[in-house]
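Here is a set of questions and answers about one protein chain. Look at the sequence and the fold before reading on.

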Amino acid sequence: MYYIKKRMEIAGCHSLRLSYESKCSRLHGHNWVVTVYCRGTELNPDGMVADFTHIKERVHGQLDHGNFNELFPFNPTAENIARWICGEIQGCFMVSVQESEGNSVLYVSDDATPSDIAAGSAI
Ligand SMILES: [Zn+2]
């Protein structure tokens with residue numbers, strides 16, 4: 001099994017629809033640090049699990065400098081964004097989204113194994 005990791009920074013804004021009073025309901029921005037983990041048992045004809053540039057285009061290209069409330073049909077929490085990114089990338093099994101220095105989310109797909117998670121964490 002091959003594992004790759006792609007890290008990128010995405011600037012964007014969102015406001016959250018919450019069931020309680022929060023400053024996060026007001027429009028505000030983050031520089032999200034997104035890390036995408038992919039696996040593949042075989043390499044493509046170019047000898048890669050996936051081209052890092054294609055992953056960046058797929059995620060950064062769609063989201064950077066965007067208003068996430070306009071880009072997504074769902075409440076754009078870091079958790080929901082992480083799950084969406086995982087579904088966008090072929091072979092992706094795990095996505096971390098760091099919203100700020102102390103606040104991060106990790107989404108792991110249902111079919112990821114403990115060894116996938118261990119390998120992804122090691123690279
Ligand atoms: Zn926020």
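The questions below go from the overall fold to the sheet, the helices and the core of this predicted model.

Q: In what pattern do the helices and strands follow each other along the sequence?
A: The model is a predicted one. Its secondary structure comes to 4 helices and 5 strands. Read along the sequence, these give the pattern β-β-α-β-α-α-β-β-α.

Q: What is the radius of gyration of the chain, and what does the globule rule give for 123 residues?
A: The C-alpha trace spans about 50 × 30 × 25 Å along its principal axes. For 123 residues the globule rule gives 14 Å, and the chain comes close to this, so it is as compact as a globular protein of that length. The radius of gyration of the chain is 15 Å.

Q: In what order do the 5 strands stand in the sheet?
A: Strand 1 and strand 2 pair in the antiparallel sense over 13 bridges, while strand 1 and strand 3 pair in the parallel sense over 2 bridges. The pairing in this open sheet is mixed. The order of its strands is 3-1-2-4-5.

Q: Which strands stand at the edges of the sheet?
A: In the order 3-1-2-4-5 the sheet is open. Each edge strand has a single partner strand, so one side of each is left without a neighbour in the sheet. The edge strands are strand 3 and strand 5.

Q: Which residue is the bridge partner of G12 in strand 3?
A: Strand 3 covers residues 66-67 and pairs with strand 1 in the parallel sense. In the antiparallel pairing of strand 1 with strand 2, R7 stands opposite T35. For G12, the bridge partner in strand 3 is G66.

Q: What angle does the direction of helix 3 make with that of strand 4?
A: Helix 1 packs on the sheet, touching strand 1, strand 2 and strand 3, and its direction makes about 20 degrees with that of strand 1. Helix 3 also packs on the sheet, where it touches strand 2, strand 4 and strand 5. With the direction of strand 4, that of helix 3 makes about 150 degrees.

Q: Within what arc do the buried residues of helix 3 fall?
A: The buried residues of helix 3 are A78, I81, A82, W84 and I85. Seen down the helix axis, they fall within a limited arc, so they line one face of the helix. They pack against elements including strand 2, helix 1 and strand 4. The arc is 165 degrees.

Q: Which residues have the most contacts inside the largest nonpolar core?
A: This core has 23 residues, and strand 1, strand 2, helix 1, helix 3 and strand 4 each give two or more residues to it. Leaving aside neighbours within four places in sequence, V95 is in contact with residues including V34, V36, Y37 and I85. Those with the most contacts inside the core are V34, V36, Y37, I85 and V95.

Q: Is A119 buried or partly exposed?
A: A119 lies in helix 4. It has 18 other C-beta atoms within 10 Å, and a residue counts as buried at 20 or more. A119 is therefore partly exposed.

Conventions:
Residues are numbered from 1 along each chain as its sequence is written. This is a predicted model: local features need pLDDT of at least 70, side-chain atom pairs count only at pLDDT 80 or more; totals for chains, interfaces and linings use all residues. The radius of gyration is taken over C-alpha atoms; the globule rule is 2.2 Å times the number of residues to the power 0.38. A residue is buried if 20 or more other C-beta atoms lie within 10 Å of its own, exposed if 12 or fewer, and partly exposed in between; C-beta atoms are placed from the backbone. The arc is that of the directions from the helix axis to the C-beta atoms. Two residues are in contact if their C-beta atoms, placed from the backbone, lie within 7 Å. A nonpolar core is a set of buried Ala, Val, Leu, Ile, Met, Phe, Trp, Tyr and Cys residues joined through C-beta atoms within 7 Å. Two strands pair if DSSP finds at least two bridges between them. Axes are lines fitted to C-alpha atoms, for helices over the stretch in contact, and angles run from 0 to 180 degrees between N-to-C directions.
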